[in-house]
Amino acid sequence: MSGNLPVPSVTADYAQRVAADLAANQSEQERVRTELARLQDELVRLEDSEQVLTKMQDVLGGVPKQAAKQRKGGKGAAVPAARGSNGKTAAGKLAAVAGRKASKKAVSPKKAGEPTWLELTTAYLGGQSEPRSAAEVAASLTEAHPERAVQVTVVRNSLEQGVAQGLLERSKQGRSVFYSPTAPASASSGS
């Protein structure tokens, strides 16, 4: 009979460990979510700064991006090329990386007067009667704006930015996350 006594205590120990691990996991998730939101805000600020600086460069008639890259690459590539065959492969790698970076930016630059992703997502959700997932919003924006390259991650970041700014609400159902516009402020202040 004494053999039955340790089993409940072992079960209770495991239950406590699982509960502690679960609590640690949830607090770590919250920490990561907070850090992610901070990084998303920082990314948005940097992207906005890039747009302003690019517009200023265009207005000032600055050096085109490709010419500036070639000038910088020319100085750096001349020394390794003179040293031997390694310089050629390094220069080739630099050119390939520069080409990839240029092609990524050329995918779908925002033209002047076009709405931002945040504006597009909030406008779309404003016309919906039910909350939508990021994938559903991205699919609808792809249909509505075929000229723009819509990526689910960009849409999700824009939705999270809307939540951070109080424009949208996030709700979870199981593992799925849904977004909807916030209730108008006039309705809550009128009561």
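S180 touches L125, P131, L168 and E169 when residues up to four places away in sequence are left aside. In this predicted model, S180 has its place in strand β2, and with a relative accessibility of 16% the residue counts as buried, because the cut-off for burial is under 20%. A further relation in space links S180 with L167: the two are 13 residues apart in sequence, and their C-alpha atoms are 8.9 Å apart.

The strand that holds S180 belongs to a chain whose secondary structure comes to seven helices and two strands. Followed along the sequence, these elements give the pattern α-α-α-α-α-α-β-β-α. The protein chain has 191 residues, of which 15% count as buried. Where contacts join residues at least 6 apart in sequence, 49% of them are between residues at least 24 apart.

Two other buried residues, T121 and S158, can be described together with S180. T121 lies in helix α4, which covers residues 117-126, while S158 lies in helix α6. The table sets out the accessibility of the three residues.

| Residue | Element | Relative accessibility |
|---|---|---|
| T121 | helix α4 | 0% |
| S158 | helix α6 | 7% |
| S180 | strand β2 | 16% |

T121 counts as buried because its relative accessibility is 0%. Beyond the residues up to four places away in sequence, T121 touches V137, L141, V155, S158 and L159. A polar atom of the T121 side chain also lies 3.0 Å from the backbone oxygen of L118. The contact between T121 and S158 appears again from the other side, since S158 touches W117, L118 and T121 under the same exclusion of residues up to four places away. S158, at 7% relative accessibility, counts as buried, and its C-alpha atom is 8.7 Å from that of E119, although S158 and E119 are 39 residues apart in sequence.

Helix α6 itself runs over residues 152-164, and its 13 residues should span 18 Å at 1.5 Å a residue; the end C-alpha atoms are 18 Å apart, so the expected and the computed spans agree. The buried residues of α6 are V155, S158, L159, E160, Q161 and G162, and among them V155, S158 and L159 are touched by T121. Just after α6, G166 takes a positive phi of about 80°.

Helix α6 also takes part in the second largest pocket, in which about 460 Å³ of space lies. The elements that give two or more residues to its lining are α1 (6-60), α5 (134-144), α6, β1 (168-173) and β2 (176-181). The largest share of that lining, seven residues, comes from α1. In total 19 residues line the second largest pocket, and those that lie nearest its centre are R33, E160, R170, K172 and V177. One of these, E160, is also listed with the buried residues of α6. By character, the lining divides into six nonpolar, six polar and seven charged residues.

Strand β2, with which this account began, thus returns with α6 as one of the elements that give two or more residues to the lining of the second largest pocket; S180 has its place in that strand, and S158 lies in that helix.

Note on methods:
Residues numbered from 1 in each chain as written. Predicted model: local features only at pLDDT ≥ 70, side-chain atom pairs only at ≥ 80, totals over all residues. Heavy atoms only, no water. Helix = DSSP H or I, 4+ residues; strand = E, 2+ residues; numbered from the N terminus. Buried < 20%, exposed > 50% of the residue type's maximum accessible area, 1.4 Å probe, protein only. Polar contact = N/O pair within 3.5 Å; in protein donor to acceptor, adjacent residues only side chain to side chain. Contact = heavy atoms within 4.5 Å. Expected span 1.5 Å × (residues − 1). 1 Å grid on protein atoms, 1.4 Å probe; cavity = no way out; pocket = protein on both sides within 12 Å on 5 of 7 lines; lining within 4 Å. Points joined across faces, edges and corners; volume = space filled by probe spheres on them. Nonpolar A, V, L, I, M, F, W, Y, C, P; charged D, E, K, R; others polar.
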